[in-house]
Structures are given as C-alpha cells and as structure tokens.
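This report describes the disulfide bonds of a protein chain and the principal pocket in its surface. The structure is shown first, and the description follows.

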Amino acid sequence: CTDASPGNFAIAGSTRQTACAKGSYAATGGLSECAQCEGGTYQNDTGATGCRACEKGSYCEPGASRPLPCEGGSYSDKTDLSAASQCAPADPGYIAARGA
C-alpha cells in the first residue's frame with residue numbers, strides 16, 4: 001500500500017488518493033481524512049497542506065473556503081475572526097462599508 005500524499009487522503013481499500021476539498025487540509029501524508037480549517041482561517045484551494053489566515057474586514061467560520069465580509073456598519077482590522085459577531089461596530093459618527 002502507498003500512503004496518501006500531503007494535501008490528500010485515502011480511505012481503507014482505496015485504489016487512489018483524493019485531494020482535500022476547499023476548506024480543509026492534510027498537513028502530512030498517510031491520512032484517511034482531511035482536517036477542517038479552524039475558525040479564523042480558510043482554504044480556497046483543493047489539495048492543500050494548510051489553511052490561510054482570514055483577511056482584514058472579514059471573518060472565516062470553521063471549514064471556510066473563503067473569507068466572508070463583515071456586515072455594513074461593522075469592521076475588523078484583525079485576521080483571526082471566526083464569526084460575524086466578532087466584527088466591531090462602527091463608532092458613532094463613523095461609517096463602515098461591508099467588508100471594512
């Protein structure tokens with residue numbers, strides 16, 4: 001038997017490996033399943049060996065395949081948010097466009 005390569009997985013009895021889906025990764029070879037990206041990270045490619053930090057003005061739920069923008073009226077200058085509720089509300093007298 002051959003181990004699956006990093007970024008891929010193979011279940012018992014497989015004849016080939018399968019690339020990890022977007023939102024997941026396999027950091028090492030020989031895995032039978034891919035790990036879901038943690039909250040605050042995302043992965044928009046298949047066959048990944050790790051996840052990317054979320055982007056400023058966005059949040060990334062667990063298993064995210066792309067950053068989601070903070071709603072209008074809220075913002076973030078951080079790259080590790082995992083929920084929309086973590087985006088900060090704009091201060092009185094200021095505006096924050098969606099994704100700010």
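## The disulfide of Cys54 and Cys60

In this predicted model, Cys54 has a relative accessibility of 3% and is therefore classed as buried, the limit being under 20%. Its partner Cys60 is likewise assigned to the buried class, with a relative accessible area of 0%. The sulfur atoms of Cys54 and Cys60 lie 2.2 Å apart, and the two residues form a disulfide. Because the torsion about the S-S bond of this pair is about 85°, the link is right-handed.

## The disulfide of Cys37 and Cys51

A disulfide also joins Cys37 to Cys51, with 2.0 Å between the sulfur atoms. The link is left-handed, with -85° about the S-S bond. It connects distant parts of the chain, 14 residues apart: Cys37 belongs to the loop between strand 4 and strand 5 (41-42), and Cys51 to the loop between strand 5 and strand 6 (52-53).

The two partners fall into separate accessibility classes. Cys37 is buried, at a relative accessible area of 1%, whereas Cys51 is partly exposed, at 29%. The value for Cys51 is neither under 20% nor over 50%, so this residue belongs to the class in between.

## The disulfide of Cys20 and Cys34

Cys20 and Cys34 are bonded through sulfur atoms 2.0 Å apart. A value of -85° about the S-S bond makes the link of Cys20 and Cys34 left-handed. This pair, too, links distant parts of the chain: Cys20 is in the loop between strand 2 (18-19) and strand 3 (24-25), while Cys34 is in the loop between strand 3 and strand 4 (35-36), and 14 residues separate them. Cys20 is counted as buried because its relative accessibility is 0%, against a limit of under 20%.

## Overall disulfide pattern

The model contains four disulfides. When bonded cysteines are counted along the chain, the pairing follows the pattern 1-2, 3-4, 5-6, 7-8.

## The largest pocket

Rolling a probe the size of a water molecule over the atoms reveals where empty space remains. The largest pocket holds about 230 Å³ of space. It is lined by 13 residues, and those closest to its centre are Cys1, Thr2, Asp3, Ala10 and Ser14.

What classes of residue make up the lining of the largest pocket? The lining consists of six polar, five nonpolar and two charged residues.

Key:
Residues are numbered from 1 along each chain as its sequence is written. This is a predicted model: local features need pLDDT of at least 70, side-chain atom pairs count only at pLDDT 80 or more; totals for chains, interfaces and linings use all residues. Side-chain values use heavy atoms; hydrogens and water are left out. A disulfide is a pair of cysteine sulfur atoms within 2.5 Å. Helices (H or I, at least four residues) and strands (E, at least two) are DSSP runs, numbered from the N terminus. Buried means under 20% relative accessible area, exposed over 50%, partly exposed in between (1.4 Å probe, protein chains only). On a 1 Å grid over the protein atoms alone, a cavity is a set of points where a 1.4 Å probe fits but cannot get out, and a pocket is an open set with protein on both sides within 12 Å along at least five of seven lines; lining residues have an atom within 4 Å of a point. Grid points are joined across faces, edges and corners, and a volume is the space filled by probe spheres set on the points. Ala, Val, Leu, Ile, Met, Phe, Trp, Tyr, Cys and Pro count as nonpolar, Asp, Glu, Lys and Arg as charged, and the others, Gly among them, as polar.
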